[in-house]
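User: Could you take a close look at the aromatic pairs in this one for me? I'd like to know how they sit and what surrounds them in the rest of the chain.

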Amino acid sequence: MTLPPPLAAVYFPFQEIRPQQEIAIDFILNSYQSGKKIVVLEAGTGVGKSCIGITIARYLNDTQPPLENYLMGAYFLTQQKILQEHYTKDFGGFNGELCS
C-alpha cells in the first residue's frame with residue numbers, strides 16, 4: 001500500500017521523502033491494510049518520525065472511514081515542550097490544531 005508519488009506530494013509535509021521514511025510509511029500502511037488498528041513507530045533521532053506520522057495521519061483521515069469507538073485524528077506524544085512547539089510550527093493547522 002505504497003503512497004504513489006502524486007499522493008506523497010499531497011500528504012508528505014516536505015518536498016522529498018527519504019528512503020527510510022518511505023520504508024516506514026509503507027510498513028505502517030501495510031500494517032493497517034492487514035487489519036492492525038494501532039501501529040507504533042520506534043526510530044532513531046533524525047529519521048523523520050514526525051513527518052512519517054503526519055503523512056500517515058493525513059492519508060488515513062482522508063481515505064479511511066472512522067473506526068467504531070475511535071475519533072478521527074492522530075496523537076503525537078513527546079516528553080519535551082520544545083518538540084510540541086516544533087510540531088505546531090511545522091504541522092499545525094491541517095485538519096485541526098495541535099495542542100498540549
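**The aromatic pairs and their setting**

Analyst: There are two aromatic pairs in this structure, which is a predicted model. Start with Y11 and Y59: their ring centres are 5.4 Å apart and the planes stand at 90°, so this one is edge-to-face. Y11 belongs to helix α1 (residues 5–11) and Y59 to helix α3, so the pair ties together parts that lie 48 residues apart in sequence. How buried or exposed are the two rings' residues? Y11 has a relative accessible area of 6%, so it is buried, and Y59, with 11%, is buried too.

The other pair is F12 with F14, also edge-to-face, with 6.5 Å from centre to centre and 75° between the planes. Here the two partners part ways in how much surface they show. F12 is buried, with a relative accessible area of 4%, whereas F14 is partly exposed at 43%. The cut-off for buried is under 20% and exposed begins over 50%, so F14 falls in between.

Now for the helix that carries Y59. Helix α3 spans residues 49–63, and T55 is also found in it. T55 has 0% relative accessibility, so it counts as buried. What does its side chain reach? The side chain of T55 gets to the backbone oxygen of C51, at 2.7 Å. A polar contact needs N or O atoms within 3.5 Å, so a distance of 2.7 Å is inside that limit.

Over in helix α2 (residues 19–33) you'll find I23. With 59% relative accessibility, I23 counts as exposed. The C-alpha atoms of I23 and I52 are 9.8 Å apart, although 29 residues separate them along the chain.

Next comes the loop between α3 and α4 (81–91), where Y70 is found. Y70 has a relative accessible area of 42%, so it is partly exposed. L67 has its place in the loop between α3 and α4 as well, and L67 is partly exposed, with a relative accessible area of 43%. From L67 to K37 you count 30 residues in sequence, yet the C-alpha atoms are 8.5 Å apart in space. Which residues make the nonpolar surface patch? I38, V40, L67 and Y70 make it, and the patch covers about 440 Å². To join a patch, a residue needs over 30% relative accessible area, so Y70 at 42% clears that bar, and L67 at 43% does so too.

Finally, the whole chain, to put those parts in context. The protein chain has four helices and zero strands, which gives the pattern α-α-α-α when you read along the sequence. Out of its 100 residues, 25% count as buried, Y11 being one of the buried residues. About 7400 Å² of the protein chain is exposed, with carbon and sulfur atoms supplying 55% of that area. How much of the contacts comes from residues 24 or more positions apart? Among contacts in the protein chain with a separation of 6 or more, such residues account for 61%. The Y11 and Y59 pair, which ties together parts 48 residues apart in sequence, is a handy example of residues that are distant along the chain being paired in space.

How values were computed. Residues numbered from 1 in each chain as written. Predicted model: local features only at pLDDT ≥ 70, side-chain atom pairs only at ≥ 80, totals over all residues. Heavy atoms only, no water. Patch = residues over 30% accessible without salt bridge, like charges linked within 9 Å, V, L, I, M, F, W, Y side chains within 5 Å. Areas by Shrake-Rupley, 256 points an atom, 1.4 Å probe, with all protein chains shown as cover. Salt bridge = Lys/Arg side-chain N within 4 Å of Asp/Glu carboxyl O. Helix = DSSP H or I, 4+ residues; strand = E, 2+ residues; numbered from the N terminus. Buried < 20%, exposed > 50% of the residue type's maximum accessible area, 1.4 Å probe, protein only. Polar contact = N/O pair within 3.5 Å; in protein donor to acceptor, adjacent residues only side chain to side chain. Contact = heavy atoms within 4.5 Å. Phe/Tyr/Trp six-rings, centres within 6.5 Å; stacked < 30°, edge-to-face > 60°.
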